[in-house]
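Biologist: Can you walk me through this model? I'd like to start with where the two chains meet.

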Amino acid sequence: MERLSELWRRLMFLFRRESFQRELQEEMKFHLEMKARALRHAGVPPAEAAPAAQRQFGNTLQLRENSRAAWGWNAVETVGQDVRYGLRQLRRSPGFTLLAVLTLALGIGANTAVFTLVDTVMLKSLPVTDPQQLYSLGADDNCCEMTGLQGNFTIYSYALYKELQEHTPQFTQLAAFQAGAMPLAVRRSRGAEAAQPYRGEFVSGNYFQMFGINAYTGRLLAPADDRAGAPPIVVMSYRAWQQHYGGDPTVIGSTFVINSKVFTLAGITPPGFFGDRLTGDPPDFWLPLGSEPLLSGPGSILRLPGEFWLYITGRIKPGTSLAALQAQLTVELQQWLRTVPKLEEHDRPQISQQRIILAPGGSGVTELRDQYASGLRLLTVLGGLVLLIACANLANLLLAKGSASRVQMAARIALGASRARLIRQMLTESMLLALLGGAAGIAVAFLATRMILLVAFRGVRYVPISPTPSLPVLAFAFALSLLTGVLFGIAPAWFSSRSQPAEALHGATRSTRDRSALPQKSLVVLQAALSLVLLAGAGLLTRSLLNLQTQRFGFQTRGRYIVRLDPSLAGYTEDRLPGLYRQLRTQLAQIPGVLSVSYAGYSPMRGDNWSSEISVEGQPRVDYTKVVAPSWLRVSPHYFETIGTRLLRGRVINDQDTPTSTPVAVINETFARKFFPKQDPIGKHFGIGESNHSRDYEIVGMVEDTKYQDARGPAYAMFFLPFLQLIPREDESSQNAIDGSNYLQDVELLVAGHPPNLEFQVRHALAEIDPNLTVLSMNSFDEQVARNFNQDRLLARLTGLFGFLALVLASIGLYGVTAYNVARRTNEIGIRMALGADRKNVLRMVLRSALAQVALGLVLGVPIALAGGHALSSQLFGVKGYDPEVLAAAVAILAVCAGVAGLLPARRAASIDPMQALRAE
Amino acid sequence: MARTEIPPGTLYLLIMKTLESGPRHGYGIAERIQQLSDEVLRVEEGSLYPALQRMLIKGWIFGEWRQSENNRRARYYRLTPAGRKQLGLEVSEFQKVMAAIARVIQTA
């Protein structure tokens, strides 16, 4: 109770501070007068009484301060004083303040931008309920549709999912969802508009329940919607609803035509929910698994137990042992595998090695995270380096400023200021600068994040990463600002507070030794070293990017365009495909400027890849645990000419390959090397599947190696089949796969010049064939390839930018230090010139000092740059981490800039008039 | 002349005792202590006023401005009820300690 009233009194003091001072002063005066009067009464002469009283009283000022200190607000008040003083100082030198705040804004902003990305991509959980209770079955991200044993299972079939769901009650909810996303052609039932391309995902009925997501309006999926025969419904994302339907409430409950089938829209997901993974272009529609047969028609894989195409995530009951659950799941998996009749005999022994591993599922499928993890790590290091350089610059500036106000500092020490208080005051000033820089840096971070997202996600329509700073980001910026303030402020504060009063007040400006010269010089050395590292890194990454872009791919991009179509979305059944393909070729060839038309299952550098195990006639079974299954592709006549792949032997696929002619195949060099070493492959036979298929295809030609998916590794072994030549298969699953491959997905056009309105003409031609044929996308081949290097391009550009920043900062730093030293040594230079030194000597003297610092920096920087290059080597393509040309170039650039930065003040020094210099103080 | 140090911890006690008989201003408190102790104890102003501030914070004394004997404005301090209670506590504590020390000295 007493404590409370004491606290209250202390608080009230804050409002009475001014009157407190006045009253205390009056009280002291009264006391003094009483004392003086007492002395006079004791016989002291009046003139002496007052001073004597004062002497006895003691230090009035000290006493007042002690009395005031008793109220306990001393610490806060002094901080307030420091802040106000610091702000005044900053206002007094606006040029310096502006430069400092700008430098800090860039440094802190860059790091905050990187943190925004790190936070969203690496740290954040999905916007769902209690993400820490979610676990996924399987840790890798195999995608998107496969058969056969996986070892560590990550992708499952519907039958397997149901089995696990029924027998594992430890999950309160177990949901399955499509591993890959699929394009949909959607339009409203009412109205004549053509179908537009969207993205969709099949999910189990309890998907939203498992995530704990409630509908924004309408209702979301329920387990009942998964039953066979349930009316087909669909759920739309909030974003799609707002962007494409204007938030129109009448869409809910209305019917939509999706891929020519009718669905009812049941509801909208809440804003902010983007699905089960952080990826570009998240789904616009979610459909129940039960509707997959309806949508896929004969190609349906829901009922095929051996088709693995679903990821599984579940919510675990609290307190469940993960290890036990994992073991149980593995047992269930193995038991189920034994009952699957379609499993190949030779795979059966491996059943006991199949496992399910549980991984935390709260952050969603890790696709994006894995892709960008190493890039983000690199960015973090880069940002840190730039910030260090900025801090070094600021520290140098402050040291110079501190040296200039040495006299003032000495006077304050002489008057009784404690070193600690002085240091605290100067640190406060630094932190104020840093906080101002940090505030500006948040704006920089916002812009930088937007720019980074634009470059990193080129070609994506929407990324669920927001550049707006969230609370953790703001907190990070604040903490970083404080840290930065201390980092660059501590050294100058320390040095300034160590001024010796006597020495400084005597006007020691004539000395040739300056205590702060050493730290200044070491900072310049540090900056030079770090700049070299950044420049070298930028050079390596830029070279790597150039190598990637200009390598021999095995195709030509000039004048080529790729159009993405999906006839199945427009309702084309297999029997109608031959007619469609004929029409495509004739209609598109008529567009003025089009030299050649072809189509294929996918095009190079699209990101797609089909692979299957094959058997070669006359050869033993291939051991696919040691050899990678070859990739393959269905192509039309004129395909290889259109995309510019060279024929090496035999012939390409052409019009003589009809559904009724001999099934043929064209292979590439790597395929020939792997399966027909030292033989002529022409005329040999092979087939997809087991040895009973080994005579299926006759090889009629060999083309050069082409990179289709991985730009960094060697080309895959690959074979090409014509469309519409179908080999009957024994089991439904592989029959499906083969049938499905008959549908084209990419159309390639070779075009002369730059015909105007090409895209419009293509869409028009396609619409003439069938108004439902939706163009999913159309890009130049160059653009399609370029999008594969988004991350590399981003890194190269960012390191280049950072390197440039570092160079500018280091040059400014060197210039500043050299100019300052020249100014300080003006006297000395005057003496030297008076004693006979000529301009050249002076120039050499100043330049030598400046370049010595840079040289030392280079010596330090080279090993660090080499180490950095070694660390980068996994990112590099066609460039070694220690590439001497890049290093030499970086050294040269740095040396030139340093030379210029040092030359300017050196020239000024050389043109000093000795008489004026000697007179100067 | 050397001033005898006020034993640590007893300054509050002395100040409050002088205020027991009525309100005084700062100078008056110092004078009174000097007088009552036969000039042995002299309070330094440097310790007096900070101590007065602390006692104000703790609520043991209360200060108000009044006219002094010679018609000058001065701040007079007086004991609050909480202060009286504290005074009693400190006096008995002090006496206990002094008696104990006296016993030790006598036996030695």
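Modeller: Sure. Between chain A and chain B there are 11 residue pairs in polar contact, both residues at pLDDT 80 or more. Keep in mind that this is a predicted model.

Biologist: Which elements of chain A give two or more residues to the side that touches chain B?

Modeller: Four helices of chain A do: α1 (2-13), α2 (17-41), α3 (46-57) and α4 (60-69). The largest share comes from α2(A), with 13 residues.

Biologist: How do the residues on that side of chain A divide into nonpolar, polar and charged?

Modeller: There are 10 nonpolar, 4 polar and 9 charged residues on the side of chain A that touches chain B.

Biologist: And how many residues are in contact across the two chains?

Modeller: 23 residues of chain A are in contact with 23 residues of chain B.

Biologist: What area is buried between chain A and chain B?

Modeller: About 2,300 Å². Carbon and sulfur atoms give 55% of that area. On chain A's part, A:Glu27, A:Phe30 and A:His31 supply 28% of what the chain buries against chain B, more than any other three residues.

Biologist: How many salt bridges are there between chain A and chain B?

Modeller: 5 salt bridges. One of them pairs the side chains of A:Glu26 and B:Arg73, at 3.3 Å from N to O.

Biologist: Why would those side chains pair?

Modeller: Side chains of opposite charge can pair when their charged atoms come close.

Biologist: How many salt bridges does the structure hold over all chains?

Modeller: 38 over all chains. Take A:Asp746 and A:Arg564, whose closest N and O atoms are 3.0 Å apart. A:Asp746 is in strand β22 (residues 746-751) and A:Arg564 is in strand β12 (residues 560-565), so this pair ties together parts of chain A that are 182 residues apart in sequence.

Biologist: Are A:Asp746 and A:Arg564 buried or exposed?

Modeller: Both are buried. A:Asp746 has a relative accessible area of 0%. A:Arg564 has 15%, and it counts as buried because the cut-off is under 20%.

Biologist: What about a salt bridge at the other end of the scale?

Modeller: Try A:Lys626 and A:Asp623, which meet at 3.1 Å, N to O. A:Lys626 is exposed at 68% relative accessible area, while A:Asp623 is partly exposed at 34%.

Biologist: Which residues do salt bridges with shared partners join into one network?

Modeller: A:Arg564, A:Arg606, A:Asp608 and A:Asp746.

Biologist: New topic: cysteines. How many disulfides does the structure hold?

Modeller: 0 over all chains. As for single cysteines, A:Cys391 is buried at 5% relative accessible area, whereas A:Cys897 is partly exposed at 24%.

Biologist: Where is A:Ser254 found?

Modeller: In the loop between α9 (238-245) and β7 (255-258) of chain A. A:Ser254 counts as buried, at 12% relative accessibility. Its side chain reaches the backbone oxygen of A:Val251 at 2.7 Å. Beyond neighbours within four places in sequence, A:Ser254 is in contact with A:Arg188, A:Phe263, A:Thr264 and A:Leu265.

Biologist: Back to chain B. What pattern does it follow along the sequence?

Modeller: The pattern is α-β-α-α-β-β-α. That is 4 helices and 3 strands. Chain B has 108 residues, and 43% of them count as buried. Its C-alpha atoms fill a box of roughly 55 × 35 × 20 Å along the principal axes.

Notes:
Residues numbered from 1 in each chain as written. Chains lettered and ligands numbered in written order. Predicted model: local features only at pLDDT ≥ 70, side-chain atom pairs only at ≥ 80, totals over all residues. Heavy atoms only, no water. Contact = heavy atoms within 4.5 Å. Buried area = accessible area lost by both parts, 1.4 Å probe. Salt bridge = Lys/Arg side-chain N within 4 Å of Asp/Glu carboxyl O. Polar contact = N/O pair within 3.5 Å; in protein donor to acceptor, adjacent residues only side chain to side chain. Nonpolar A, V, L, I, M, F, W, Y, C, P; charged D, E, K, R; others polar. Disulfide = S-S within 2.5 Å. Buried < 20%, exposed > 50% of the residue type's maximum accessible area, 1.4 Å probe, protein only.
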